[in-house]
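This report is meant for a reader who is meeting the structure for the first time. Please look over the sequence and the model shown here before reading on.

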Amino acid sequence: MLKNLPNNILLHVVRIINAYLCLCYFPDAWKKAVVISIPKAGKNTRLPGSYRPISRLPTLGKVLEKVFLIRLLPIVERLKLIPNEQFGFRPEHDTVQQAIRLVQKIAEGFADQEDTATVFLDVDRAFNSVWLQGEIFKMMRVLPDVYVH
């Protein structure tokens, strides 16, 4: 929709986005999603878990987030604020690279005749019911810092 706007209207949209960035303000209305429930195939439609929620966010909110991300990422990368071991939502850091990294670490351990251990934590739906900072604190007590991000 935005791509098809006339240039004079698009210029106003750009001014609005830039004004919000300068003011460090994100409108509340742009944060609210309309949630649509889509039934999963072959599931009992009487159970809440049988539906896949789809969140529809306002387009201008998505644009503001994208502009913010584009401006923030170079700073984060330059200052090395995110450790290289953090793979979530980072360019060129997908699941395949993380799996390759894991295999390489295991192979290095075997080659150096060291014990190698891994811990896999399935946190599916856990963030809604777990105090995340408390869990990170507990992990930091037992794992080296480099493994807790």
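In this predicted model, Cys22 is exposed, because its relative accessible area is 67%, above the cut-off of 50%. Cys24 likewise counts as exposed, at 72% relative accessibility. A disulfide is a covalent bond between the sulfur atoms of two cysteines, and the structure holds 0 of them. For Cys22, the closest cysteine sulfur belongs to Cys24 and lies 8.2 Å away, which is too far for a bond, since a disulfide needs the two sulfur atoms within 2.5 Å. Seen from the other side, the closest cysteine sulfur to that of Cys24 is in Cys22, and the table sets out the values for both residues.

| Cysteine | Relative accessible area | Closest cysteine sulfur |
|---|---|---|
| Cys22 | 67% | Cys24, 8.2 Å |
| Cys24 | 72% | Cys22, 8.2 Å |

The helix α2 covers residues 59-78, and because each of its 20 residues is taken to add 1.5 Å, with one residue fewer counted than the helix holds, the expected span is 28 Å. The C-alpha atoms at the two ends of α2 are 29 Å apart, which agrees with that expectation. Along the way, α2 has a kink of about 30° at Leu72, shortly before the proline Pro74.

Which residues of α2 are buried? They are Gly61, Leu64 and Val76, and what covers these buried residues includes the helix α1, residues 7-23. After α2 comes Lys80, whose phi is positive, near 55°.

Notes. Residues are numbered from 1 along each chain as its sequence is written. This is a predicted model: local features need pLDDT of at least 70, side-chain atom pairs count only at pLDDT 80 or more; totals for chains, interfaces and linings use all residues. Side-chain values use heavy atoms; hydrogens and water are left out. Helices (H or I, at least four residues) and strands (E, at least two) are DSSP runs, numbered from the N terminus. The bend at a residue is the angle between axes fitted to the seven residues ending there and the seven starting there. Buried means under 20% relative accessible area, exposed over 50%, partly exposed in between (1.4 Å probe, protein chains only). Contact means heavy atoms within 4.5 Å.
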